[in-house]
Amino acid sequence: MLYSKGVILDFQQSKTYINLQIALQNELQSNAKLQLFRKKADQDELLVIRYIFDTAARNAEFISERLRRILYGGDPSTLNNLLEASADAEKAEKSYREYSRIALEEGYQDIAALFNGIGNIKLSHDVAFHRTAEDIQNSELFCKPTETLWICLGCGNIIGGLCAPEICPICGYPQGYYQIYCQC
């Protein structure tokens, strides 16, 4: 609760809270756009301009982190971030399906296919976020109930076992560098 002129305000109902949410969205959007600009400057071999975009994008990222900490009362856990990302991806997937439907109605088949494809990507992200959150909740992120192949994302070492090794025997990186090996 915050006090303003002797009146107790519920922070999450305040205009300041809403402004923090808007500011966070603005900084996140700015960061993403500046990353695209940085990429183009890099492709054009304009390193001094790339550096300007890089700096501005990094600044927006740091500001975003600060605003997010205020909104959440600290840094949300990785599990909370996965759950939020899953919900965001699910919402985005539904939006892209609707965009596709509208584009079809208006006769823009190519754009409808594009929106539908993006919807599929968002669905894939949602599944990955949701599955990983479940693994954390079930204490199965690095240990499975059956024999599994694990791959080190650092050196590429593949090893079998119920659990990923605590330390990679090849590169020495920690367990967090392992994921289930998939020969898709």
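From the N terminus on, the elements of the protein follow the order β-β-α-α-α-α-β-β-β, and together they come to four helices and five strands. Helices here are DSSP runs of H or I with at least four residues, strands are DSSP runs of E with at least two, and both are numbered from the N terminus. The radius of gyration of the protein is 22 Å, well over the 16 Å that the globule rule gives for 184 residues, so the protein is more spread out than a compact globule. That radius is taken over C-alpha atoms, and the globule rule is 2.2 Å times the number of residues to the power 0.38.

This is a predicted model, in which local features need pLDDT of at least 70 and side-chain atom pairs count only at pLDDT 80 or more, while totals for chains, interfaces and linings use all residues. Residues are numbered from 1 along each chain as its sequence is written, and side-chain values use heavy atoms, with hydrogens and water left out.

**The whole chain**

Begin with everything shown, and turn the model until you can see its extent: the C-alpha atoms fill a box of roughly 60 × 55 × 40 Å, taken along the principal axes. If you then display the surface, the protein exposes about 12,900 Å², of which carbon and sulfur atoms supply 56%; such accessible areas come from the Shrake-Rupley method with a 1.4 Å probe, and for residues only the protein chains shown count as cover. Buried residues make up 21% of the 184 residues, where buried means under 20% relative accessible area, exposed means over 50%, and partly exposed lies in between (1.4 Å probe, protein chains only). Among contacts between residues at least 6 apart in sequence, 40% join residues at least 24 apart, a contact meaning heavy atoms within 4.5 Å.

**Helices α1 and α2**

Select α1, residues 15–43, and α2, residues 47–72, together with the loop between them, where you will find Glu-45. Glu-45 has a positive phi of about 55° although it is not a glycine. Most residues other than glycine have a negative phi. Glu-45 is also exposed, with a relative accessible area of 69%.

Which residues does Asn-31 touch, leaving aside its neighbours within four places in sequence? Asn-31 is found in helix α1, and the contacts are with Ala-57, Arg-58, Ala-60 and Glu-61; Asn-31 is buried, with a relative accessible area of 16%.

Stay in helix α1 and select Gln-43, which counts as exposed at 53% relative accessibility. Then add Gln-175, which is 132 residues from Gln-43 in sequence and 36 Å from it in space, C-alpha to C-alpha.

Next, go to Val-48 in helix α2, which at 59% relative accessibility counts as exposed. Arg-68 makes a useful second selection, for the C-alpha atoms of Val-48 and Arg-68 are separated by 30 Å, although these residues are 20 apart along the chain.

**Helices α3 and α4**

Move on to helix α3, residues 78–105, and select Thr-78 within it. Thr-78 is exposed, with a relative accessible area of 54%. How many ångströms separate the C-alpha atoms of Thr-78 and Ala-133? The separation is 8.6 Å, while the two residues are 55 apart along the chain.

Follow the chain to the loop between α4, residues 109–137, and β3, and there select Ser-139. The phi of Ser-139 is near 55°, a positive value in a residue other than glycine, and Ser-139 counts as exposed at 61% relative accessibility.

**Strands β3, β4 and β5**

Finish with the strands, beginning with β3 (residues 143–152) and β4 (residues 158–163), which pair in the antiparallel sense over five bridges; two strands are said to pair if DSSP finds at least two bridges between them. Two places are worth selecting along this pairing: Cys-143 stands opposite Cys-163 in β4, and Leu-149 stands opposite Gly-160 in β4. The hairpin of β3 and β4 has five residues between the strands, and in this hairpin Gly-156 takes a positive phi near 90°.

Now add strand β5, residues 178–180, with which β3 pairs in the antiparallel sense over three bridges. Here the place to select is Ile-151, which stands opposite Gln-179 in β5.
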